[in-house]
Amino acid sequence: MPTHKKKREALATLNYTKRGFRLRDGRLHLAGGIVVTVVWSRKLPAEPSSVRVYRDSLGHWYGSFVVPAEVQPLPGAGRVLGVDRGVKETATTTSDAHDLPHAGHGRKAQKRLARYDRMMARRRPKKGQPGSRGYREARKLRAKACKKVARQRADTGRKWAKKVVRDHDAVAVEDFRPKFLAKTTMAGKAADAAIGATKRALVEMGRKHGRDIRLVHPAHTTMDCGNCMTRAKHVLPLGERTYTCTACGAVSPRDKNSARVMLVRAGLNPAGADGARPFGALLHEAA
Ligand SMILES: [Zn+2]
């Protein structure tokens, strides 16, 4: 059964608003006469209104400043993009040049994680007893490995999002809620985490550069035809990689079809999509 996290086990987090902190000579002065030397990851773009000082699972302290968002507009691209989570790819898009293959960060770390899991299991303290030094050490190693994967995912997501946002004025993306998928396998969970990180990066990057990012409800995206929007009568089996429309005869790779459905559902004009080869070009050769 799930248990409540005790307060003493929770990670420390402290919030300071305007009057609770001050920056002077690059150092952070907190209420109560605490002075912290900060290692800045980047320059603050504006005067911060608050700061959250917190400790992560590795025991490192961070300060996260709230500053008014500043939009950095990009020149118009004249193109739109539809994005869907793929099976073979983290993101399948209506433009072949913007598909994002699985980076496999989670898979590469899996062996290591499994080893730390076993280490923790061996050293696990008896109920009601504090963890031993070895146990805490193993837990820290595991947290470190997890964090590394999360950072790699965020980095890959940001690089991809940057490219997508630069090349498109509007992007339609599935409003992905990972909990419905992949409840079992590790590979599935890793894929979900990568998709989640990618979507987050896209939404963030879109906001930063003033692009139009539209979230699309994911229901039936694999059943609808991206060409004529007719809904198939049956759910496509997962192994079936091609979508064939019984109404208009369009044939396209399954994920590409879904990406196009996103575009249409978001109210964007598919004619503005890249590779603007109309769907007709993918019709049956036999027809
Ligand atoms: Zn159709």
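**A zinc site, a small sheet and two annotated spans**

With angles of 107 to 113° among its four donor atoms, the zinc ion has a tetrahedral site in this predicted model.

Me: Which residues are the protein donors of the zinc ion?
Reply: The donors are C225, C228, C245 and C248, each through its SG atom, and they lie 2.3 Å from the zinc ion.

Me: How are those donor residues spaced in sequence?
Reply: The spacing is C-x2-C-x16-C-x2-C. The pair C228 and C248 links distant parts of the chain, 20 residues apart. C228 sits in the loop between β11 (212–216) and β12 (242–244), whereas C248 sits in the loop between β12 and β13 (251–253).

Me: Is C228 buried, exposed or partly exposed, and what is its relative accessible area?
Reply: C228 has a relative accessible area of 32%, so it counts as partly exposed.

Me: And what about C248?
Reply: C248 is partly exposed as well, because its relative accessibility is 28%. The range for that class runs from 20% to 50%.

Me: What does UniProt list for residues 200–261?
Reply: The UniProt record, an unreviewed entry, gives "domain: Cas12f1-like TNB" for residues 200–261. In the model this span is 27% helix and 18% strand, and its end C-alpha atoms lie 21 Å apart.

Me: Changing topic: which way do the side chains point along strand β3?
Reply: Strand β3 covers residues 27–30, and its side chains alternate. L28 and L30 point to one face and are buried, while R27 and H29 point to the other face and are not buried.

Me: Why would side chains alternate in a strand?
Reply: In a regular strand, side chains alternate between the two faces of the sheet.

Me: How does strand β2 run relative to β3, parallel or antiparallel?
Reply: Strand β2 (residues 21–24) and β3 run antiparallel and are joined by four bridges. In one of these pairings, R22 has H29 of β3 as its bridge partner. The hairpin of β2 and β3 has two residues between the strands, and D25 takes a positive phi near 55° there.

Me: What about the pairing of β3 and β4?
Reply: Strand β4 (residues 34–37) pairs with β3 in the antiparallel sense, over four bridges. H29 appears again here, with V35 of β4 as its bridge partner. In the hairpin of β3 and β4, three residues lie between the strands, and G32 takes a positive phi near 95°.

Me: Where is S50, and what does it touch?
Reply: S50 is in strand β5 (residues 50–55). Not counting residues up to four places away in sequence, S50 touches Y16, T17, F21, S64, F65 and V66. S50 is classed as buried because its relative accessible area is 18%, and the cut-off for buried is under 20%.

Me: Which annotated span does UniProt give for residues 70–176?
Reply: The UniProt record, also an unreviewed entry, lists "domain: Probable transposase IS891/IS1136/IS1341" for residues 70–176. The span is 50% helix and 16% strand in the model, with its end C-alpha atoms 26 Å apart.

Me: Where is T90, and is it buried or exposed?
Reply: T90 is found in strand β8 (residues 89–93). T90 has a relative accessible area of 5%, so it is buried.

Me: What does the side chain of T90 make a polar contact with?
Reply: The side chain of T90 makes a polar contact with the side chain of H102, at 3.1 Å. Leaving aside neighbours within four places in sequence, T90 is in contact with residues including D84, R85, L100, P101, A194, I195 and T198.

Note on methods:
Residues numbered from 1 in each chain as written. Predicted model: local features only at pLDDT ≥ 70, side-chain atom pairs only at ≥ 80, totals over all residues. Heavy atoms only, no water. Donors = N, O, S within 2.8 Å, 3.2 Å for Na, K, Ca; no water. Tetrahedral: all angles 85-135°; square planar, octahedral: opposite > 155°, others 65-115°. Buried < 20%, exposed > 50% of the residue type's maximum accessible area, 1.4 Å probe, protein only. UniProt positions renumbered as here; feature names shortened; annotations may be inferred. Polar contact = N/O pair within 3.5 Å; in protein donor to acceptor, adjacent residues only side chain to side chain. Contact = heavy atoms within 4.5 Å. Pairing = 2+ DSSP bridges.
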